[in-house]
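Okay, thanks for coming, everyone. I'll put the structure up and then talk through the cavities, the domains and the chain contacts.

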2 protein chains.
Amino acid sequence: MMQQHKKRDKSKKRATILDGAIDVFIRMGYELASMDKIAETAGVSKRTVYNHFGSKENLFQVIVDDFLAQRQELKTIAYDPEKSMEEQLLAFAYAEIFLINTPRRLGLSRFLTMTFLKDIDYARETVAKYPPSYGMFIEWLKEAENDGLIRSENLLVTARVFYSLVEGAITWPALFTDDVTQLHFEPMLDEIIATFMARYGSK
Amino acid sequence: MMQQHKKRDKSKKRATILDGAIDVFIRMGYELASMDKIAETAGVSKRTVYNHFGSKENLFQVIVDDFLAQRQELKTIAYDPEKSMEEQLLAFAYAEIFLINTPRRLGLSRFLTMTFLKDIDYARETVAKYPPSYGMFIEWLKEAENDGLIRSENLLVTARVFYSLVEGAITWPALFTDDVTQLHFEPMLDEIIATFMARYGSK
DNA sequence: TCTTAATTATACTATACAGTGTAATTAAAT
DNA sequence: ATTTAATTACACTGTATAGTATAATTAAGA
């Protein structure tokens with residue numbers, strides 16, 4: 001103890017390395033992303049990468065956890081009786097769209113999807129560290145149902161239908177698109193929400 | 001010429017190698033699937049693998065083309081005024097489900113999805129060799145609309161909604177499931193079709 | 001049975017990459 | 001200005017893999 005003398009701020013270098021690593025992972029995929037290439041892209045020596053992250057696998061893990069934590073934040077949306085159904089459903093959809101509507105976030109989503117597909121046991125364990133994905137939306141549905149705005153015999157099924165529409169029409173197609181800036185989601189979004197309300201809206 | 005004397009049947013060995021290769025690709029992914037491992041799994045010498053397929057990349061390409069050709073066959077469904085809407089929509093859905101309802105086909109679908117995500121330019125070129133994916137369904141929609149059973153302002157959008165529901169609720173969740181034999185698609189399928197008809201069915 | 005196409009076993013080349021060791025250098029905090 | 005935590009440059013180890021070369025072996029077709 002008594003020796004808090006020196007202790008420099010490593011967070012900047014750490015962020016630089018993460019930036020470069022994400023860049024290389026997006027461009028080359030996990031296997032072909034070499035630690036040499038990551039160091040070079042980050043403008044940092046390879047030794048520094050290892051000093052900060054220990055191993056390639058751990059570096060990857062940090063990126064995954066950061067992404068999933070941010071994703072969880074986005075999903076936090078509360079029911080608001082002042083707003084229209086359509087407006088609020090759009091908000092849930094935009095939480096998904098945010099993850100893919102810049103080239104960088106789209107690349108990261110694509111990369112993580114790949115790695116999750118490569119090892120689905122790992123994927124399940126990792127995702128399990130966060131709250132259930134439909135949780136927030138089901139809570140919202142409950143309140144909308146109490147207000148008589150939604151009719152549903154099974155809220156989980158209803159939530160799955162909603163996310164099927166959003167992911168099937170927006171997220172997955174985007175993952176296979178190279179230039180996401182050219183995509184215009186709005187027409188499809190309106191159609192999705194109209195479809196959802198045709199089935200579950202009361203009146 | 002005049003020497004069709006010897007010429008043995010290589011198709012059996014070829015199929016054996018493809019089987020083993022698919023197995024290893026599914027288990028390890030493209031990068032980690034070594035040609036030694038593929039040869040060993042197929043029960044064949046590595047030299048024979050190279051004699052048949054020339055390179056790892058070409059071996060992979062053959063597997064992709066085989067899969068996509070089979071996929072195209074499945075989608076060939078004609079409108080039948082004798083059958084109910086629900087029954088025919090189910091047929092389109094089952095063409096998708098067929099690709100994922102055994103562990104082997106699911107593994108192959110997952111593997112191909114991964115490789116397509118890794119190089120979406122390659123994916124686009126490869127998929128472009130086959131007819132447009134919604135083509136068959138749009139033809140079907142036209143006839144159903146002419147019979148007054150479907151109302152749609154834009155058949156392409158309607159087709160996209162249908163496939164969003166099927167892929168979002170069935171295909172993609174299955175890709176992240178390890179034991180597909182435990183999945184029961186029927187309840188979700190019924191809900192999907194009810195949702196589609198709530199939006200696009202006329203009365 | 002004979003011919004030879006196909007296959008095998010084995011050794012080999014060239015290359016790439018994860019991770020380590022270390023001495024020298026840099027720069028932040030006091 | 002001094003201290004020393006952090007970083008760098010660079011050489012190095014061990015391992016893995018795509019693809020090739022070749023001589024010996026196998027087995028199908030005539």
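So, this is a predicted model, and I'd like to begin with empty space. Searching the whole structure turns up one cavity of 30 Å³ or more. The space inside that largest cavity comes to about 40 Å³. And which residues line it? From chain A there's a run of Met28(A), Gly29(A), Tyr30(A), Glu31(A) and Leu32(A), plus Met114(A) and Lys118(A). Chain B chips in too, with Glu31(B) and Lys118(B). So keep Tyr30(A) in mind as one of the lining residues, since that name comes back in a minute.

Next up, the domains of chain A. The assignment gives us domain 1, residues 10-54, and domain 2, residues 65-200. Going by C-alpha atoms, the centres of these two domains of chain A sit 30 Å apart. Where they touch, nine residues of domain 1 of chain A contact seven residues of domain 2 of chain A. Together those two domains bury about 660 Å², with 63% of that on carbon and sulfur atoms. Which three residues of domain 1 of chain A supply more of its buried area than any other three? Here's Tyr30(A) again, along with Ile22(A) and Ile26(A): the trio accounts for 53% of what domain 1 of chain A buries against domain 2 of chain A.

There's charge at this domain interface as well. The rule picks out three salt bridges across it, and two residue pairs in polar contact, both at pLDDT 80 or more. If you sort the domain 1 side of chain A by class, you get five nonpolar residues, three charged and one polar. While we're on salt bridges in the model, have a look at Arg104(A) and Asp23(A): their side chains pair up at 3.8 Å, N to O.

Last part: chain A against chain B. How many residues does each chain bring to the contact? It's 30 from chain A and 30 from chain B. The two chains bury about 3200 Å² between them, and 71% of that is on carbon and sulfur atoms. On the polar side, we count four salt bridges between the chains and ten residue pairs in polar contact, both at pLDDT 80 or more. If you want a salt bridge to zoom in on, try Arg124(A) with Asp178(B), where the closest N and O atoms are 3.5 Å apart.

That's my tour, so over to you for questions.

Note on methods
Residues are numbered from 1 along each chain as its sequence is written. Chains are lettered from A and ligands numbered from 1 in the order in which they are written. This is a predicted model: local features need pLDDT of at least 70, side-chain atom pairs count only at pLDDT 80 or more; totals for chains, interfaces and linings use all residues. Side-chain values use heavy atoms; hydrogens and water are left out. Domain bounds come from an automatic or database domain assignment. Contact means heavy atoms within 4.5 Å. Buried area is the accessible area (1.4 Å probe) that two parts lose on being put together, summed over both. A polar contact is a pair of N or O atoms within 3.5 Å; within protein, one must be able to donate a hydrogen and the other to accept it, and residues adjacent in sequence count only if both atoms are side-chain atoms. Ala, Val, Leu, Ile, Met, Phe, Trp, Tyr, Cys and Pro count as nonpolar, Asp, Glu, Lys and Arg as charged, and the others, Gly among them, as polar. On a 1 Å grid over the protein atoms alone, a cavity is a set of points where a 1.4 Å probe fits but cannot get out, and a pocket is an open set with protein on both sides within 12 Å along at least five of seven lines; lining residues have an atom within 4 Å of a point. Grid points are joined across faces, edges and corners, and a volume is the space filled by probe spheres set on the points.
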